[in-house]
Amino acid sequence: IYGLGKMASHLFFDLKDSDVKVIGAIDKGAINKFEEYPVVTIDDDIPKADCIIVTTTYDYENIKEQLVSKVDCPIISLMDIIN
């Protein structure tokens with residue numbers, strides 16, 4: 001999950017008891033609000049995942065552009081999931 005704001009908090013809560021395994025988060029400040037998940041910055045090595053969900057909807061295209069060269073998985077906007 002990219003971003004650790006309010007939308008990410010809701011997403012973490014919703015996924016907590018599901019079959020989806022969250023392996024970590026990516027955040028500019030790498031401030032870990034969820035102790036059970038490792039947090040890295042976009043400049044760190046990003047762990048392999050099936051996809052990255054970007055919860056920062058206002059800057060999705062810019063974030064996606066930065067991530068595309070670093071990962072080999074789909075980068076999905078939370079808004080696309082909701083819609």
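Let me start with a term: a residue is called buried under 20% relative accessible area, exposed over 50%, and partly exposed in between. What I am showing is a predicted model.

Take Met7 to begin with. Its relative accessible area is 38%, so Met7 counts as partly exposed. Met7 sits in helix 1, which covers residues 6-15. If we set aside residues up to four places away in sequence, Met7 touches Thr55, Leu78 and Ile82. Thr55 is 48 residues from Met7 along the chain, yet their C-alpha atoms are separated by 5.9 Å.

That brings me to Thr55. Is this residue buried or exposed? Its relative accessible area is 6%, and because that is under 20%, Thr55 is buried. Thr55 belongs to the loop between strand 3 and helix 2. Its side chain reaches the backbone oxygen of Tyr2 at 2.8 Å. Leaving out neighbours within four places in sequence, Thr55 is in contact with Ile1, Tyr2, Gly3, Met7, Ala8, Leu11 and Leu78.

After that loop comes helix 2, residues 60-68. Which of its residues are buried? They are Tyr60, Ile63 and Leu67. Viewed down the axis of helix 2, the buried residues fall within an arc of 70°, so they line one face of the helix. The face turned away from that buried side carries Glu61, Glu65 and Val68, which are exposed. On the buried side, the packing partners are strand 1 (25-26), strand 3 (52-54) and strand 4 (75-77).

Now the nonpolar cores. The largest one has 13 residues, and those with the most contacts inside it are Tyr2, Ile26, Ile52, Val54 and Leu67. Strand 3 and helix 2 each supply at least two residues of this core. Helix 2 gives the largest share, three residues. Apart from this core lies another, of twelve residues, with Ile1, Phe12, Val22 and Tyr37 among them.

One more word on Leu67, from helix 2. What does Leu67 touch, not counting residues up to four places away in sequence? The list is Tyr2, Ile26, Ile42, Ile46, Ile52, Val54 and Ile75.

To close, Tyr2 has come up several times. Tyr2 is among the residues with the most contacts inside the largest core, Leu67 touches Tyr2, and the backbone oxygen of Tyr2 is what the side chain of Thr55 reaches. Thr55, in turn, is in contact with Met7, where I started.

Note on methods:
Residues numbered from 1 in each chain as written. Predicted model: local features only at pLDDT ≥ 70, side-chain atom pairs only at ≥ 80, totals over all residues. Heavy atoms only, no water. Helix = DSSP H or I, 4+ residues; strand = E, 2+ residues; numbered from the N terminus. Buried < 20%, exposed > 50% of the residue type's maximum accessible area, 1.4 Å probe, protein only. Contact = heavy atoms within 4.5 Å. Arc of directions from axis to C-beta. Core = buried A, V, L, I, M, F, W, Y, C linked by side-chain atoms within 4.5 Å. Polar contact = N/O pair within 3.5 Å; in protein donor to acceptor, adjacent residues only side chain to side chain.
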